[in-house]
Amino acid sequence: MSAPVIAARGLTKRYGKATVVDGIDFAVAKGEIFGLLGPNGAGKTTTILMMLGLTEVSAGEIRVLEHNPVREPLAVKRRVGYLPDQVGFYDNLTAIDNLAYSARLMGIPARERGARIAEALERVRLTDVGEKRVKTFSRGMRQRLGLAEIVMKRAEIAILDEPTSGLDPQATVEFLQMIEELKHIGVTVLLSSHLLDQVQRVCDRVALFQSGRIVLMGTVAELARQVLGAGFVVEVEADAATDLDARFGAIPGVGSVVRVGPDRYRLTADRDVRPEAARAVVAANGALRRLSVDDPSLMEIYTRFFRKQAGNEEGKRDAA
Amino acid sequence: MRREGSPWQGFGTVYVKELTDHISSIRMLVLGLLIFVISCVVVYFAIDNIRQTTAEDPFVLLKLFTSGPSVISLVFILSITLPVMAIALGFDSINGEHNRRTMSRILSQPIYRDALLAGKFLAGLTTLGINLLCLWLLVVGFGILLLGVPPGGEEIARSLAFMLLTLAYAGTWLALAMLLSIVSRSAATAVLVALGIWLFLTFLWPFLANGFAALIAPPDPRYAMLGLMDPTTVTWGQVLQRLSPNELFTGASVILLAPETRQASQIIDINQWRGAVLGAPLPLSESLAIAWPQAVALIAGVIVLFVAGYIVFQRQEVRA
């Protein structure tokens, strides 16, 4: 892993006595899609604003592209694109005029402006409506126009705050595709969301926020191993003369085998054990009818984690 | 530690955009037309007055500004309508960006907040200046056409000095409106408070100021017996009244536009009158010297209000 493009150490933000972000540490590598997850009010947006130098840091340190956003905000903001939660545009201007204004603020030279605006609109598929006023745009189109601004900026890091909240499923899918396209052109993406399945679909790594702290961080599979104990649930449906429980249990990596129906078994494992399970059925002269694997879902990790935590706290209270 | 980059980066872009917005906005068109129509009517009456009463006056052009039907003169009209126009220009300049949700997107571009605030303020001031310049040309043109007297150099100089004073007066209200638009997130609150302050300072304060003066320095009964005002009380009243920009503006404009005026206060300073020929006009430099304190007070008002807004805006949260 090369030097991280975003690195936070003990980053803290206080408003009066309330600590909104409480000593978080994380690093984002170049070219990855990093997800900030967590309920509303967990400190995701505040963390983002600190990365852009739009709000002051109370303690700790953050470096973005080797710059300190508090001291050198312009250097950071020149290379980082930001799509705020529910982005707004000047309604009485056209999409092109809105982008032209941002382009001037970015300091893009006049002769390049037209080409870069056209290219950005093309990428987010808004070329047809470039001359239309933003007033007539749907929520999804505004969000895409915000993305076009980041593309036009040729940002090295794109920070997207709740980009898909409030979009219809079709628009969401399209938007997630565009985020992946950003990754393909080498942009590092930082995505904040509380919509777990979407984050899971696009993110390489996630950090789970809870009341100002990062409580979990890593790839989805890593989190699953940490929280669920094992990451993969394999379901097998097979007829066999002999009992299959023992054979499945002998497969290395399998944590538990549960019989859920007359001929149905659920295996929990820390890796994908389908080939071994199939071999085991065949070895027992059984007929394999169905073999399926559930990817660990972030939703499950999330709910399990918070349930566990609530349980722990109750336990502590009981002990006291 | 100095911050990196120029605070003026992006200033020109913001300035041009805001100026375009103001000049093309219906709000400004309506207010501008209103002021022009009222002014034309007043100047027409002033010309009528001048024709009937003035035999020969070296400053006939200046009379266009100061006379009219009864107490209503162009100065009076401007003192009433310009604050409204300035408030209309400024009341939603900052909170409008928040409400449109464009603020965080604009501030994530490589500019400082200074550029945004200064650009908006100077664009508003320029809009007021353009309107005033048009008005001035209109009045002078009217004078030449209908009175047939070519304006003299000193008249032009005095009327232009008056226009600069008017700009400072309008600027005070613009700065106040912008301060309120920074402090209050609701444009409706900002405009109501601004208009409230304007009504209070313009129409109520002159009466209240005299009341407070009588409290601070109760008039000596010996003066009352002679049917005179106590000079201490009158001085206090004057001092308090000058807290209102309206009073400063009216006082200074009389000095500039009526060259025979020797003082801005009601208190007669005997030294000022020593050797004076009654009704003889003062040279321009003397008039400017007498009007200077009022003009400086207005300019200081602009600066203080702008700086207050600047400080609040710099520390303000970007998040909506």
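A pocket, in this report, is an open set of grid points with protein on both sides within 12 Å along at least five of seven lines, and its lining residues have an atom within 4 Å of a point. With that in hand, let's walk through the empty spaces of this predicted model.

**Two pockets**

The largest pocket holds about 720 Å³. Its lining counts 27 residues, and those nearest the centre are A:Asn92, B:Lys17, B:Asp21, B:His22 and B:Arg100. Both chains take part: helix H3 (95-106) of chain A and, from chain B, helix H1 (11-24), H2, H4 and helix H5 (95-99) each give two or more residues. H1(B) gives the most, with eight residues.

The second largest pocket has a volume of about 620 Å³. Closest to its centre, among 22 lining residues, are A:Gly53, A:Glu56, A:Val70, B:Arg113 and B:Gln314. Here strand E1 (6-15) and helix H2 (73-79) of chain A, along with helix H14 (284-315) of chain B, supply at least two residues each. H14(B) has the largest share of this lining, at three residues.

**The largest cavity**

Turning to enclosed space, a search of the whole structure finds six cavities of 30 Å³ or more. The largest of them has a volume of about 60 Å³. Its lining is made of B:Gly32, B:Ile35, B:Phe36, B:Leu78, B:Leu82, B:Met85, B:Asn131, B:Leu132 and B:Leu135. Helix H2 (26-53), helix H4 (74-90) and helix H7 (113-147) of chain B are the elements that give two or more residues to it.

Here is how the linings divide by residue class:

| Space | Nonpolar | Polar | Charged |
|---|---|---|---|
| Largest pocket | eight residues | eight residues | eleven residues |
| Second largest pocket | nine residues | four residues | nine residues |
| Largest cavity | seven residues | two residues | no residues |

**A look at A:Val57**

One residue of chain A makes a nice stop on the way out. A:Val57 sits in the loop between helix H1 (44-51) and strand E4 (59-64) of chain A. Is A:Val57 buried, partly exposed or exposed? Its relative accessibility is 23%, so A:Val57 counts as partly exposed, since buried would need a value under 20%.

Beyond its neighbours within four places in sequence, A:Val57 is in contact with A:Leu11, A:Thr12, A:Met50, A:Ile62 and A:Val70. Of these contacts, A:Thr12 lies 45 residues away from A:Val57 in sequence, yet their C-alpha atoms are 6.4 Å apart in space. Another of the contacts, A:Val70, also appears among the residues closest to the centre of the second largest pocket.

Methods
Residues are numbered from 1 along each chain as its sequence is written. Chains are lettered from A and ligands numbered from 1 in the order in which they are written. This is a predicted model: local features need pLDDT of at least 70, side-chain atom pairs count only at pLDDT 80 or more; totals for chains, interfaces and linings use all residues. Side-chain values use heavy atoms; hydrogens and water are left out. On a 1 Å grid over the protein atoms alone, a cavity is a set of points where a 1.4 Å probe fits but cannot get out, and a pocket is an open set with protein on both sides within 12 Å along at least five of seven lines; lining residues have an atom within 4 Å of a point. Grid points are joined across faces, edges and corners, and a volume is the space filled by probe spheres set on the points. Helices (H or I, at least four residues) and strands (E, at least two) are DSSP runs, numbered from the N terminus. Ala, Val, Leu, Ile, Met, Phe, Trp, Tyr, Cys and Pro count as nonpolar, Asp, Glu, Lys and Arg as charged, and the others, Gly among them, as polar. Buried means under 20% relative accessible area, exposed over 50%, partly exposed in between (1.4 Å probe, protein chains only). Contact means heavy atoms within 4.5 Å.
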